[in-house]
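Dear colleague,

Please find below the structure that I am handing over to you. My findings on its charged residues and its internal space follow.

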Amino acid sequence: MLQLRRIALLISLTLTASTTAFPQAQSAYDAVDPFIGTSGGGNTFPGAALPFGMVQWSPDTGDNGWYFYDKSKIYGFGMTHLSGAGCPLYGDVPILPITEELKASPATALGSYAQSFDHAREEAHPGYYSVTLANGVEIALTVTDRAGIARIRFPQGQAARLLVNSGGSANSDVHISYLPPVGREHDGNQIKVVGNNTVSGSTTSGGFCGSPTRYTLYITAKFEQPFHAFSTWNGDAVQKGQRDASGKHTGAWLDFGSQGQIQLKIGISYVSEANALANLNKEIPGWNFDQVRTNARESWTKLLNQISVGGGTPDQRKIFYTGVYHMLLAPNLFSDDNGDYTGFDWKVRSLASTNQKAQYANFSDWDIYRNTIQMQSLLVPTRVGDMMQSLVNDAEQSGWLPRWPAANDVTYVMGGDSPSILLSSAYAFGARNFDTKTALQYMIKAASVPGEGPHNNEERPFLADYLKLGYAPADKDDIAASRTLEYANADFAIAQLARNLGDTVSYDKFLKQSQNWKNLFDPETRWIRPKNSNGTWLQGFDAEKSLPKRPNAPESTDQDGFEEGNTYQYTFMIPFDYPELIQRIGGDNATTPRLDRFFSKLICWGEPCFNMANEPDFVTPYAYVFAGEPWKTQDVVTRIEQQTFSIKPDGIPGNDDLGATSSVYVWNALGLYPGIPGIGGMLLGTPMFPSATIHFGDGRTLSIHATGTGRYVQQVLINGKENTTSWLPLSDIVQGTTKLDFKLSPGPNKQRGAPVSERPPDFMQ
């Protein structure tokens, strides 16, 4: 997702230990390396967080809420972060231990306070982070869902001081006048020093990827040791001895004298300071740092152990479990312990009288609909049901399903109608505890009724044209072709949920509407090609050279009509109708050479080749399965695992996008991939590990075993019965344990999967 990719360059799914004897390996928890993805554009963070938690307490190596491994200074430890997003957001209320006086305002001189550090003195595990800074200060962080506790040790004889940077959010310069309260520019942030052991305040930020969005976060911090002196700042003004500051960039400096160690704990809320304090008191009532850390480890261990793998190399296990970890960081809790949350209408809402346990936010829907929501739904279906109900709540409060919602606002980042696919796929993979009827109503509305939502934007831009012409027109929209394909995928997903709910009329309507992709298939070039409103093809089209370029993105390598890609990278983004696509290309014999060329490279921008660094291509290796050559899928996914992922800080190819890129590795390593939107089932590839066992949240268990050597599948057995179709419907995974056996060899079985009868089903039937 997003142009920042260019900077460089699951649950109760439990895989339990195999009965086969393997050398003793690290535990799943210890195998996770949170530093993977913190360089090379992965944009992950190494700090402390719980699964789907509200708090992600992590170091920032600049003033933009990100941690880049190749940087050498820490600017603060922010309370909130997104893992792998392509634009900055959150990084709220960073603290920074220092030993010096407050001489200049951090609002304008934060760099002068930034502390050097060495990775050799840094440690990170799920739920825990620590570092010894160059000034000798040691800081350790651990968290609960909505709060965190820090233990800070200062060198003997050095003053113990702390910056609480309430104006230090990633986008702290975002000040929007037309959002509620209408006509008044917000104050940005506030901070209050209360007594000698409390600080509270709030920050308002937003602007994700340039969107006119905002959120307000409230904090309350308590200190075990009292501070002896304090100052605040407001803009570039330092206010010595003043307890309050309110403005566009504020903060507090606290002096603890010569105390060698201090502990602080912070609660957060998106509702009020009072709720932040209540969250803190409920989740961390005392000062036992080690107990909070132990509890965090136990939470992660329980969830990670739901997927266990046997065999493989230590590096493969590390990449795999770090990938699972990244898949379980978001969406994030947005409601408080008492059930309060701020809605999309900016009213304080309560879940107290509902069956919903929590409200969630931060859905990177364009990314995670492809592979992440499916794993989450298998592993923690009830929790995902609450996530889907959160989207329904957002729609009821704003009138539309939110596209890429952040906090309680909609950013409209990326094309498509991705929330509809999230809802349909979550249901298909087992998340059922949400208002499916209302969800379907809003999905249908988005696909059939043009209209504006928050910020005068639309869930489906150019919908009127799409309904009238059967495609988004290139003369109005410079991502018209990719947008049309995204809408077609969403239409297919809507049809599947409608069928699952017994709405045959809507099923027929949207299944037919999902065929709109055909309107952009050029029979002469046999590629998806942008088309104008008058029915003429976009001129200058050259698939091999990715021409013409997008006119409204002069610095981009995108082909005109495609978002972050070209026709090579988007034509195969129609997995629900691969048989028809392959026929139109010219059949198997025309399709497979095209795919062969496509996979000659595994990461590229602006070229006619596969791009593991961007989501539209993630499913394409499985197109071979539908063209009768599953052995080539097996080869390609193995190459992807071996050549594009590693245990290095830059070991994730491109933005991780809240777990979506990591999900490719995890699924492929299991020999599975959830490639069809809204359909409960997985395409079969080739497993990396000799054994893996998955315990679903509904009590089912999938036990995967691979015998033989090599990457190529000779035979697949499901409970002893041969499977030749490379398709595993979830309905075949029965109560109790289902056994999935792969027989592997160094050479391909080119006959298996070649007949049409040995291919996945036609999902348009």
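**Salt bridges and buried charges**

R146 and E283 are joined through their side chains by a salt bridge, with N to O at 2.8 Å; the term denotes a side-chain nitrogen of Lys or Arg within 4 Å of a carboxyl oxygen of Asp or Glu. This pair links distant parts of the chain, 137 residues apart: R146 is in the loop between β8 (138-143) and β9 (147-153), and E283 is in helix α3 (residues 273-283). Helices (H or I, at least four residues) and strands (E, at least two) are DSSP runs, numbered from the N terminus. R146 and E283 are both buried, where buried means under 20% relative accessible area, exposed over 50%, and partly exposed in between (1.4 Å probe, protein chains only).

Please note that this is a predicted model, in which local features need pLDDT of at least 70 and side-chain atom pairs count only at pLDDT 80 or more, while totals for chains, interfaces and linings use all residues. Residues are numbered from 1 along each chain as its sequence is written, and side-chain values use heavy atoms, with hydrogens and water left out.

Helix α3 also takes part in a second salt bridge, between K282 and D337, whose closest N and O atoms are 3.2 Å apart. Because D337 lies in the loop between β20 (332-333) and β21 (340-342) and K282 in helix α3, this pair ties together parts that are 55 residues apart in sequence. D337 counts as partly exposed, at 37% relative accessibility, and K282 counts as exposed, at 53%.

A further salt bridge connects the side chains of D477 and R483 at 2.5 Å, N to O, and both of these residues are buried. E101, R161 and D255 form one network through salt bridges that share partners. The structure holds 25 salt bridges.

R752, in the segment after β35 (737-745), is buried but has no salt bridge; E722, the nearest side chain of opposite charge (Lys and Arg count as positive and Asp and Glu as negative; His and the chain ends are not counted), is 5.6 Å away. A polar atom of the R752 side chain does lie 3.3 Å from the backbone oxygen of N723.

Yours sincerely

Note on methods
A polar contact is a pair of N or O atoms within 3.5 Å; within protein, one must be able to donate a hydrogen and the other to accept it, and residues adjacent in sequence count only if both atoms are side-chain atoms.
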